[in-house]
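Trainee: I would like a close look at a single part of this model, and then at how the rest of the chain is held together. Please keep the cut-offs explicit.

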Amino acid sequence: MGTASEPGAPSLGTASLAESVELAVVDRSGFVESRHAGSAVVLSPAGEVVASFGAPERPVYPRSSLKPFQALTVLESGVELDPLQSAMAMASHTATPAHLAVVRSMLDLGGLTPDALGCPADWPADSATRTEVIRSGGRPERLFMTCSGKHAAMLLACAANGWNTADYLEPAHPLQQRILATVERLTGEPVVHTGVDGCGTPVHAMSLIALARGYNRVRLADEGPARRLVDGALANGWVVEGPGRPNSIVIDRLGVLAKFGADGVMVLVAPDGTTVTLKMLDGSLRPATLVALTLLARHSALDAAAVAEVVSELDLTVWGRGEPVGAVTVSPSL
């Protein structure tokens with residue numbers, strides 16, 4: 001397994017521009033203003049590749065799309081969480097008051113305080129909460145960070161197993177070693193590179209095909225911790241991201257397990273197990289949900305009319321003078 005390289009040193013990387021394909025375009029007043037290239041793959045419910053675009057065999061950092069594997073490891077390590085808490089363990093939340101209450105309830109289970117969290121301090125992503133914090137003279141806090149639920153869950157796994165909490169983010173820590181084993185077991189591929197995610201946890205590079213295979217297996221589990229994790233997320237879409245956010249909309253409206261990862265990664269798994277993973281080469285997430293939903297509909301995993309209705313709720317309109325002048329659309333060449 002590789003490790004993070006020193007700054008400036010050569011390292012493995014995701015697909016090049018030459019290996020990628022155009023996935024989406026941005027139209028403004030009849031002129032293509034931007035083009036989003038990347039790679040994508042579609043797996044059948046049986047886990048077979050049925051469509052491939054660009055270079056899905058090339059490694060990517062899943063970023064927060066890794067969270068279901070991390071959360072599953074926590075549950076498999078003997079931690080008992082209710083449905084809200086298990087959804088929070090895999091969430092990239094926006095720090096609404098309701099989100100923060102769930103994270104606090106998790107910390108309370110282990111007799112922990114927010115100071116134990118190893119993630120960096122941040123402002124709430126939810127604009128109303130952020131405004132209230134600023135008005136009240138507050139500052140960035142670890143609790144507000146979008147990954148604080150995952151970190152709370154990791155701390156609970158440490159408490160349940162007598163593991164040190166001071167170094168739980170180190171790759172050699174027993175919890176992180178278990179997460180690595182979970183990733184390789186579910187994806188069926190050895191991890192090719194490990195770096196440091198924005199929240200401080202190890203992030204493991206893998207192909208989009210491997211990432212899709214792992215999600216497919218988690219979604220289709222019929223019992224045990226994986227089933228509880230998926231059920232918790234599907235029943236509480238607002239927890240996984242936030243009200244009005246793409247992942248939450250897709251979960252609540254379509255019953256699709258959805259999880260984005262920073263820098264342009266998106267994973268969607270339809271109820272029948274059909275799975276799409278993609279990576280936008282420029283790191284943009286704006287077109288990612290649209291492209292992934294379109295691919296699921298094209299492979300008859302979702303009703304096209306239902307997808308169109310959900311797409312209308314996403315932030316895909318291009319504006320000029322306060323009026324619609326264009327839109328983000330799937331590339332004609334896809």
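Trainee: How many of the residues of helix α11 (residues 288-298) are buried?

Mentor: First, the basis: this is a predicted model, in which local features need pLDDT of at least 70 and side-chain atom pairs count only at pLDDT 80 or more, while totals for chains, interfaces and linings use all residues. Residues are numbered from 1 along each chain as its sequence is written, and side-chain values use heavy atoms, with hydrogens and water left out.

Helix α11 is mostly covered, with 9 of its 11 residues buried. Buried means under 20% relative accessible area, exposed means over 50%, and partly exposed is in between (1.4 Å probe, protein chains only). Helices (H or I, at least four residues) and strands (E, at least two) are DSSP runs, numbered from the N terminus. The buried residues of α11 are Ala-288, Thr-289, Leu-290, Val-291, Ala-292, Leu-293, Thr-294, Leu-295 and Leu-296. After the helix comes Ser-300, with a positive phi near 60 degrees.

Two of these buried residues, Val-291 and Leu-293, reappear in the largest nonpolar core. A nonpolar core is a set of buried Ala, Val, Leu, Ile, Met, Phe, Trp, Tyr and Cys residues joined through side-chain atoms within 4.5 Å. The largest has 97 residues, of which Met-106, Leu-268, Val-291 and Leu-293 touch the most other members. Leu-268 can be followed back to the helix: leaving aside neighbours within four places in sequence, its contacts (heavy atoms within 4.5 Å) include Thr-289, Ala-292, Leu-293 and Leu-296. Val-250, Val-256, Leu-257 and Ala-258 are also among the residues that Leu-268 contacts. A second, separate core of 6 residues includes Val-41, Leu-43, Val-60 and Ile-209. In soluble globular proteins, nonpolar side chains tend to be buried together.

Aromatic pairing is next. Rings of Phe, Tyr and Trp (its six-membered ring) pair if their centres lie within 6.5 Å; planes under 30 degrees apart count as stacked, over 60 as edge-to-face and the rest as tilted. The whole structure holds 1 aromatic pair. Phe-69 and Tyr-215 form this edge-to-face pair, at 5.5 Å centre to centre and 65 degrees between the planes. Phe-69 is in helix α1 and Tyr-215 in helix α7 (residues 208-219), 146 residues apart. Both Phe-69 and Tyr-215 are buried.

Charged side chains give further links. A salt bridge is a side-chain nitrogen of Lys or Arg within 4 Å of a carboxyl oxygen of Asp or Glu, and the count comes to 10. One of them joins Arg-253 and Glu-309 at 2.8 Å, N to O. Arg-253 lies in helix α10 (residues 246-254) and Glu-309 in helix α12 (residues 304-311), so the pair ties together parts 56 residues apart in sequence. Arg-253 is partly exposed at 37% relative accessibility, and Glu-309 is partly exposed at 46%. Salt bridges that share partners also join Arg-63, Asp-197 and Asp-263 into one network. Within this network, Asp-197 and Arg-63 meet at 2.6 Å, N to O. That pair links the loop between β5 (193-196) and β6 (202-207), which holds Asp-197, to the loop between β4 (59-60) and α1 (67-76), which holds Arg-63, 134 residues apart. Asp-197 is buried, with a relative accessible area of 10%.
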